[in-house]
2 protein chains.
Amino acid sequence: MAAPSRPASLSGFPEWLPAERIVEQHFLETIRRVFELHGFASLETRAVEPLEALTRKGEIDKEVYVLRRLHAAEDEAAALGLHFDLTVPFARYVLEHAGRLDFPFRRYQIQKVWRGERPQDGRYREFTQADIDIIDRDTLAFHHEVEIPLVVADALRALPIPAVRIQVNNRKLVEGFARGVGAADTAAVLRALDKLDKAGPEVVAALLQSEAGLGPAASTRCLALAEISAADASFADRVRALGVDDPLLDEGLAELVRVVEAAADHAPGLVVADLRIARGLDYYTGTVYETQLLGHEDLGSICSGGRYDALASDGRATYPGVGISIGVSRLLGRVLGRGLVTASRSVPTCVLVAVAHEDSRRSADRTAAVLRARGIATEVAPSAAKFGKQIRHADRRGIPYVWFAGADGEPDSVKDIRSGEQSPADPETWSPPAADLVPQLEEPTP
Amino acid sequence: MAAPSRPASLSGFPEWLPAERIVEQHFLETIRRVFELHGFASLETRAVEPLEALTRKGEIDKEVYVLRRLHAAEDEAAALGLHFDLTVPFARYVLEHAGRLDFPFRRYQIQKVWRGERPQDGRYREFTQADIDIIDRDTLAFHHEVEIPLVVADALRALPIPAVRIQVNNRKLVEGFARGVGAADTAAVLRALDKLDKAGPEVVAALLQSEAGLGPAASTRCLALAEISAADASFADRVRALGVDDPLLDEGLAELVRVVEAAADHAPGLVVADLRIARGLDYYTGTVYETQLLGHEDLGSICSGGRYDALASDGRATYPGVGISIGVSRLLGRVLGRGLVTASRSVPTCVLVAVAHEDSRRSADRTAAVLRARGIATEVAPSAAKFGKQIRHADRRGIPYVWFAGADGEPDSVKDIRSGEQSPADPETWSPPAADLVPQLEEPTP
């Protein structure tokens, strides 16, 4: 089964080297810890969903990977596809297990998802998302829309990354505004505004007129709305100054004010009302979220989501929810690609036990077992090479300590190979400084 | 996008409820911790491999899931499949990144794999494996074959599961024995012996004669070999008593003795030489491993692997390795299915902060933030319902504590809802007993 030649990587399917994976592990562990501190229960769903569930939204279906067993019968229908996000599977999971879940149900889910689209910077065919959602039966209290961005803010602030800005908007606000300026098809207004960043105001103005049927004045007012952005409740006055009147607009304004004010209390400056944020997916019905990594805005949003009311419904009950998804791979791709964060070593190992002769390996194994039992990650040198070579083995991997058995009743000793300092040590009592126990993340100064 | 009706589960694609997932998280965390204590570096590979790499072995190809983009061109060849194990992808990863890895390279990998075979008890279409491998360039020291089962023994002993028995054998031993009794096709002997558990000695005797071309006496001696099993080196004398002579047999015997003796030193009784273990996959070349969960032998092996010499080769260098894989889903399916282990609660939450009126929610949020900053998982009651209802919210999920704000300058208080005891408490200083901080696993007495 020998491979004929060195295999090539697959575009869009990133893989990390061991030291990079340590950075990823740290990111995932941090995100997980913050989500659990906020009472979100972990969940995983299967990687596959019935194809019809994945293609129901129409817009995204060309990105789905379809599965077929290699030796399936010719006429066996392709019934399964890989999930392209974690929201659609979660909605299905809630419907399937509703009778055994307690509502409101708070869950986090960190898994890979797949999209067959053309790979580019920050856009992969296989990538990891970290989602939180709160879903309830029949009605979902608005305050959860306030809560969700604050949880994510805690998670992102705990990571060694540049500062972020969470942009929030409200679908009711935009829809009410669109109705207030006389739009018959408010969804078309949302779709047009969603293109503002990519296509610019002139194209969007044209779309607002051609696709959403607005007149030039209404179109101008929609563009003026989309220009509004503020880190406090002042945005509401600027919206009202545009002179549009609609009850749904008022409701959306009041909700967005609550989100922004609670966020300013929790983490000043982090959350900004930005009325151009629309989110392409059409299932959002209230607050929507996007997140910029400051200084890396070209990457696009690293964390997005919103409130949805009709994603999960089984005819008897509806399960409205609100959620947000951290694009872990997109974030890590940038962090690792630019060398913003590195790991202090490429292995978990803290101590390498040296082996003087192959016949003392069993004794080295016992020393290692004692250290491990005390929580110190330890490996034994793979060969009884010259000690210089064994030290190089540790050095290449960044293992900070090498352990030497004492000869003839002498005590063992441990050498910090960075300083060269060697001291007597007993495996039953010696401990490394906390900073050496597990790999640390470092942020190199440019 | 409402689903028309309650969706059904997919056979072979298990999903856990939140409390079950907590058990799984504990298992995975324990396995990970033990692997890292032994100096294995974490790694993940992409879920897909080129189809040709997955079907190279021939035997397993009918189980592969092939991927196709839903809107791929008609003539676009299906080039990718989902990996069916973690060994083939790891061998590919090593070849691809050989220049950037340090050898011997120790890695662990915990991921889902997919096989399109018919689902049955302990056999899934999507399941999680936890693998460790040690791979070196050109030559791999034998002592790693001794080491691998001891690492896994540490991991399995750290889990709340019934005792296990790791069965070991050696391909050289069996192949040398087969050669010694005159078999021309030793691989056919291995394949026949591999069927012993399922098909019984009579069928295997017939296969040894029809497929491997052995005479009746040689076939009987092979079956006698397969009957040998011992927890110490005594198995070697019983093999020698069969009167077969071959240098490869001697080499295999010596190696297996070393594995069994080192294991008896490390964990008495856990590892047993069992000469019927063959492992179906034909890439193994030295020690092979299987593992029985005692009292659940019907489940099949929960942890298997072995030494391989030619799995990764790029024409310039060969990378021999040894590895073992814990069948996490198979193990968990039994543990959860039989209720052998349960979680003390279905959420990570330790404290629910009660909300007296909706206008005190902001203050409850601040109390929760203080507790979280001190590492205590906390959520805030979703509505300002009667306190009895808020306590039931906690009770249903197994949240042990409910926090009440003090009225009119009185101190806050915290209620242990299991005992009903309520005491004054300050969020800056109060801590729960360690056993309440995170969900615990419990082993119900039958």
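User: In β9(A), which residue is the bridge partner of A:Gln167?

Analyst: This is a predicted model, in which local features need pLDDT of at least 70, side-chain atom pairs count only at pLDDT 80 or more, and totals for chains, interfaces and linings use all residues. Residues are numbered from 1 along each chain as its sequence is written, while chains are lettered from A and ligands numbered from 1 in the order in which they are written. Strand β7 (residues 164–170) of chain A pairs with β9(A) in the parallel sense, over three bridges; two strands pair if DSSP finds at least two bridges between them. In β9(A), the bridge partner of A:Gln167 is A:Val272.

User: Which residue stands opposite A:Ala230 in β9(A)?

Analyst: Strand β8 (residues 229–230) of chain A also pairs with β9(A). The sense is antiparallel, with two bridges. Opposite A:Ala230 in β9(A) stands A:Ala273.

User: Are the residues of strand β9 (residues 271–274) of chain A that point one way or the other buried or exposed?

Analyst: In a regular strand the side chains alternate between the two faces of the sheet. Here A:Val271 and A:Ala273 point one way, and A:Val272 and A:Asp274 the other way. A residue is buried if 20 or more other C-beta atoms lie within 10 Å of its own, exposed if 12 or fewer, and partly exposed in between, with C-beta atoms placed from the backbone. On that scale, all of these residues are buried.

User: Which residue stands opposite B:Ile166 in β9(B)?

Analyst: Turn to chain B. Strand β7 (residues 164–170) and strand β9 (residues 271–274) of chain B run parallel, joined by three bridges. Opposite B:Ile166 in β9(B) stands B:Val271.

User: Which strands of chain B stand at the edges, each with a single partner strand?

Analyst: An open sheet of nine strands in chain B has the order β1-β5-β6-β12-β11-β10-β7-β9-β8, with mixed pairing. Each edge strand has a single partner, so one side of each is left without a neighbour in the sheet. The edge strands of chain B are β1 and β8 (229–230).

User: How many helices and strands does the secondary structure of chain A come to?

Analyst: Helices (H or I, at least four residues) and strands (E, at least two) are DSSP runs, numbered from the N terminus. Of the 446 residues of chain A, 48% count as buried. The C-alpha atoms fill a box of roughly 95 × 60 × 45 Å, taken along the principal axes. The count for chain A comes to 15 helices and 19 strands.

User: What is the mean pLDDT of chain A?

Analyst: pLDDT is the predictor's confidence in each residue, from 0 to 100. In chain A, 95% of the residues reach 70 or more. For the complex, the predictor gives an ipTM of 0.94 and a pTM of 0.95. The mean pLDDT of chain A is 92.

User: How many residues of chain B are in contact with chain A?

Analyst: Two residues are in contact if their C-beta atoms, placed from the backbone, lie within 7 Å. Elements giving two or more residues to this side of chain B include α1 (18–37), β3 (65–69) and α14 (387–397). The side divides into 32 nonpolar, 18 polar and 26 charged residues. On chain A, 76 residues take part, and the count for chain B is 76.

User: Which residue of β3(B) stands opposite A:Arg69?

Analyst: Strand β3 (residues 65–69) of chain A pairs with β3(B). The sense is antiparallel, over five bridges. Opposite A:Arg69 stands B:Tyr65.

User: Which residue of chain B comes closest to the rotation axis?

Analyst: Chain B can be laid on chain A by a turn of 180 degrees and a shift of 0.0 Å along the axis, with an RMSD of 0.0 Å; the fit is by least squares on the C-alpha atoms of residues with pLDDT of at least 70 in both copies. The two copies are therefore related as by a two-fold rotation axis. Also, 100% of the interface residues of chain B are interface residues in chain A, so the copies meet through the same surface. Closest to the axis in chain B, at 2.5 Å (C-alpha), comes B:Leu67.

User: In which loop is A:Pro104 found?

Analyst: The peptide bond from A:Phe103 to A:Pro104 is cis, with omega near -5 degrees. In chain B, a cis peptide bond joins B:Phe103 and B:Pro104. A:Pro104 is found in the chain A loop between α3 (87–97) and β5 (105–114).

User: Does B:Asp408 count as buried or exposed?

Analyst: B:Asp408 is not a glycine, yet it has a positive phi of about 50 degrees. It lies in the loop between β16 (401–404) and β17 (413–416) of chain B. With 4 C-beta neighbours inside 10 Å, B:Asp408 counts as exposed.

How values were computed. Ala, Val, Leu, Ile, Met, Phe, Trp, Tyr, Cys and Pro count as nonpolar, Asp, Glu, Lys and Arg as charged, and the others, Gly among them, as polar.
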